[in-house]
Amino acid sequence: MTIDRTWMEHLLVDLLRADTQVPLGETEVAPGDARIVKAIDEVVMPYVEELQPDEVRRHDLGDVVARFGPEGVDGLLIQTYIVSQHSNLMDDPNVGTIADGKPYGLSGPCAVGQGATQNKGPMASAIAAIRSLPRDLKRPVWVAVNSEGRSSHDGSRRVIDDLRLRASQGIVAFGTDLRVSLGNRGRVDIEVTVPGRSCHSSQPWLGLNPIEGAADVVRALRSVPLPEAHPDLGGVTITPYQVRCFPVAPHTIPERVDIVIDRRLLPGEDPSTVIDDLRSHLSNEKVAEVDVEEGASMLPAAVSPDSGVVRHLLEGLTSQGRRSETFWSLNTFDAGYACSVGIPTPMFGP
């Protein structure tokens, strides 16, 4: 397989110049976002269509899958992602250029722009690899452009379920420094609403202060029973990361407090069961009545090191004189959904 680096660099620069970020101050991008769909239509699809896929399926919210090779359910699904996390402190996130890597402590040329390491470098690499494939494939290779931007599996559900795609193995194209990620913990957001009764803080006895109830919730999290650690992924955590009062007004006790809790999941754990267990724990700890609901979740992923896709990735690295290495990722990403529907899917990318 020979990669046309010039072609790949043109694609990567075009991707880097496209505004596909989560806006500053926001935490997600809604499905069907006009900026994201425009980037897929005007930047990604011309490159994909140039490769003359045997079939293209489009979702009305923007996601795309393209098949190369024959029909079948025994192929490979490569998922790429268009949404980038927000640019934070970057002066010019969409500069999109190939520059000398020396000022960045790197040897040779490097790509500069938002998402280069997160999602756009892996996307460019995956599409360039598709370009180098022979036309007489014996099994299908699918490349998906997933528009998920809400830290959930909704994009994968659209790609796999709504577009009726079936494959026997998969790869999530993500920046792993050419290591093969065998799995990761999952995550569920647990949304706890603590009700109160608003009043002026000069006469607190006229109301019911939900901040005190919220403090009881956070305190009770310290004694939540947690499962034994996984031999490769380690233990789980349960972490409050957002606390919001409504309304926010001068010297006013709020009407309610919303708490969002990040609970990491190990393989075999179900988000709904975890939430039921937390409800029971808060009740046992005699926390005042609260509403506990399931928010966005992502399932844990685990792929056997003996699976075909992992073995082929490692053999490919060795054949190119690269170090072949597996690891278990500490972040939570999208491989969990494909694994849950029977498509063993490691993460892999530049």
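Analyst: A strand here is a DSSP run of E with at least two residues, and strands are numbered from the N terminus. The model is predicted.

User: Which strands supply at least two residues each to the lining of the second largest pocket?

Analyst: They are S9 (186-195), S11 (238-246), S13 (256-265) and S14 (291-298). A residue counts as lining if it has an atom within 4 Å of a point of the pocket. The pocket holds about 810 Å³ of space. Of its 35 lining residues, Thr27, Arg150, Ser151, Ser152 and Arg187 are the closest to its centre.

User: What makes up the lining of the second largest pocket by class: nonpolar, polar or charged?

Analyst: It has 11 nonpolar, 12 polar and 12 charged residues. Arg counts as charged, while Thr and Ser count as polar.

User: Why is the sheet called open, and what is the order of its strands?

Analyst: The order is S11-S13-S9-S14, with antiparallel pairing. S11 and S14 are the edge strands, each pairing on one side only. From one strand to the next, the twist averages 20 degrees.

User: How do you know that S11 and S13 pair?

Analyst: Pairing needs at least two bridges found by DSSP. S11 and S13 are joined by 8 bridges, so they meet that definition. Ile238 stands opposite Arg263 in S13.

User: Which helices pack on the sheet?

Analyst: Helix H5 (residues 210-221) touches S9, S11 and S13, and its direction makes about 15 degrees with that of S13. Helix H6 (residues 271-284) touches S9, S11, S13 and S14, with its direction at about 150 degrees to that of S14. Touching is a matter of heavy atoms within 4.5 Å.

User: What describes the packing of H1 and H3?

Analyst: Two packed helices are described by the angle and the distance between their axes. For H1 (residues 5-17) and H3 (residues 116-131) the angle is about 145 degrees and the axes are 9 Å apart. Residues in the contact include Trp7 and Leu11 of H1, and Met123 and Ile127 of H3. By class, the contact has 11 nonpolar, 2 polar and 2 charged residues.

User: Is the H1 and H3 crossing left-handed or right-handed?

Analyst: H1 passes H3 in a right-handed crossing; that term applies if the near helix is turned clockwise from the far one.

User: What makes the space lined by Val29 and Ser147 a cavity?

Analyst: In a cavity a 1.4 Å probe fits but cannot get out. The search finds 1 cavity of 30 Å³ or more, and the largest cavity holds about 30 Å³. Its lining includes Val29, Pro31, Asp33, Leu61 and Ser147, and divides into 6 nonpolar, 2 polar and 1 charged residues.

Key
Residues are numbered from 1 along each chain as its sequence is written. This is a predicted model: local features need pLDDT of at least 70, side-chain atom pairs count only at pLDDT 80 or more; totals for chains, interfaces and linings use all residues. Side-chain values use heavy atoms; hydrogens and water are left out. On a 1 Å grid over the protein atoms alone, a cavity is a set of points where a 1.4 Å probe fits but cannot get out, and a pocket is an open set with protein on both sides within 12 Å along at least five of seven lines; lining residues have an atom within 4 Å of a point. Grid points are joined across faces, edges and corners, and a volume is the space filled by probe spheres set on the points. Helices (H or I, at least four residues) and strands (E, at least two) are DSSP runs, numbered from the N terminus. Axes are lines fitted to C-alpha atoms, for helices over the stretch in contact, and angles run from 0 to 180 degrees between N-to-C directions.
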